[in-house]
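Let us walk through this model step by step, moving from individual residues and their surroundings to the chain as a whole and then to its main pocket.

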Amino acid sequence: MPTIFTKIINGEIPCYKIAEDDDFFAFLDINPNAIGHTLCIPKKEVNKILDLDEPTYMGLMAFSRKIGKAIEAAIPCERVGMTIIGLEVPHVHVHVIPLHTMKNATFQHKEKLEPKEFKEIAISIRAKLK
């Protein structure tokens, strides 16, 4: 059975897409720790980060860095952090999170946003992609 992320990639579930290439996909987290919190995933459905083959792992890190740079340019923040936990959805994903304080990295504080705000954030980040 496909994961929720595979369904997002396939367009079966809507998302606020940031970027996509042949192998990777980035979209806004709908339960964000901070404004601009983005998930980067491989299109290949793999449960655990260390089970990715090396080219996919390295490609995901490069893709996540590119997204992080765009977030850094679009969203005022102290820095951009990345974390990989993988317990929520059995599909590898990198959380790319604008950080203001450590609470943004704890997954205990969540931002509440309206659809219009998500759309505006996605547009801002996409505009900074190089």
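In what follows, two residues are in contact when heavy atoms of theirs lie within 4.5 Å. The model is a predicted one, and every value below is computed from it.

With that definition in hand, a good place to begin is Val92, which is found in the loop between β4 (79-83) and β5. Once the neighbours within four places in sequence are set aside, Val92 is in contact with Cys40, Ile41, Pro42, Val46, Asn47, Lys48, Ile49, Leu52 and Leu60. One of these partners, Asn47, is 45 residues away from Val92 along the chain, and yet the C-alpha atoms of the two are separated by 5.5 Å. Buried means under 20% relative accessible area, and Val92 therefore counts as buried, because its relative accessibility is 3%.

Ala26, found in strand β2, can be read in the same manner. Its relative accessibility is 0%, so Ala26 counts as buried. Leaving out neighbours within four places in sequence, Ala26 is in contact with Lys17, Ile18, Ala19, Thr38, Leu39, Cys40, Phe63 and Ile67. The partner Cys40 appears in this list and also among the contacts of Val92. As for distance across the chain, the C-alpha atoms of Ala26 and His93 are separated by 9.3 Å, with their positions 67 residues apart along the chain.

Thr3 lies in the segment before α1, and is Thr3 buried or exposed? With a relative accessible area of 7%, Thr3 is buried. Apart from its neighbours within four places in sequence, Thr3 is in contact with Glu45, Val89, Pro90 and His91. His91 also touches Lys44, a residue that lies in the loop between β3 (38-42) and α2 (54-74). Not counting residues up to four places away in sequence, Lys44 touches Asp53 and Thr56 as well as His91. The C-alpha atoms of Lys44 and Thr56 are separated by 8.7 Å, although the two residues are twelve residues apart along the chain. Unlike the residues described so far as buried, Lys44 has a relative accessible area of 41% and is therefore partly exposed.

Two further residues are partly exposed by the same reading. Lys7 lies in helix α1, and a relative accessibility of 24% means that Lys7 counts as partly exposed. Beyond its neighbours within four places in sequence, Lys7 is in contact with Pro2, Glu12 and Ile13. Phe107, in turn, lies in the loop between β5 (94-99) and α3 (115-127), and at 23% relative accessibility Phe107 counts as partly exposed. The backbone of Phe107 deserves a look as well, since its phi is near 65 degrees, a positive value in a residue other than glycine.

Turning from single residues to the whole, the protein chain has three helices and five strands, and when read along the sequence these follow the pattern α-β-β-β-α-β-β-α. The radius of gyration of the protein chain is 14 Å, close to the 14 Å that the globule rule gives for 130 residues, so the chain is as compact as a globular protein of that length. Along its principal axes, the C-alpha trace spans about 35 × 30 × 30 Å. Of the 130 residues, 42% count as buried, and the chain exposes about 7500 Å², of which carbon and sulfur atoms supply 55%. Among the contacts with a separation of 6 or more, 58% are accounted for by residues 24 or more positions apart.

The last part of this tour concerns empty space. Rolling a probe the size of a water molecule over the atoms shows where such space is left. About 320 Å³ of it lies in the largest pocket. Which residues lie nearest the centre of this pocket? Of the 18 residues that line the largest pocket, Phe5, Asp29, Ile30, Asn31 and Leu39 lie nearest its centre. Both α1 (4-9) and β2 (24-28) supply at least two residues of the lining, and α1 gives the most, with three residues. Sorted by class, the lining has twelve nonpolar, three polar and three charged residues.

Conventions
Residues numbered from 1 in each chain as written. Predicted model: local features only at pLDDT ≥ 70, side-chain atom pairs only at ≥ 80, totals over all residues. Heavy atoms only, no water. 1 Å grid on protein atoms, 1.4 Å probe; cavity = no way out; pocket = protein on both sides within 12 Å on 5 of 7 lines; lining within 4 Å. Points joined across faces, edges and corners; volume = space filled by probe spheres on them. Helix = DSSP H or I, 4+ residues; strand = E, 2+ residues; numbered from the N terminus. Nonpolar A, V, L, I, M, F, W, Y, C, P; charged D, E, K, R; others polar. Buried < 20%, exposed > 50% of the residue type's maximum accessible area, 1.4 Å probe, protein only. Rg over C-alpha atoms; globule rule 2.2 N^0.38 Å. Areas by Shrake-Rupley, 256 points an atom, 1.4 Å probe, with all protein chains shown as cover.
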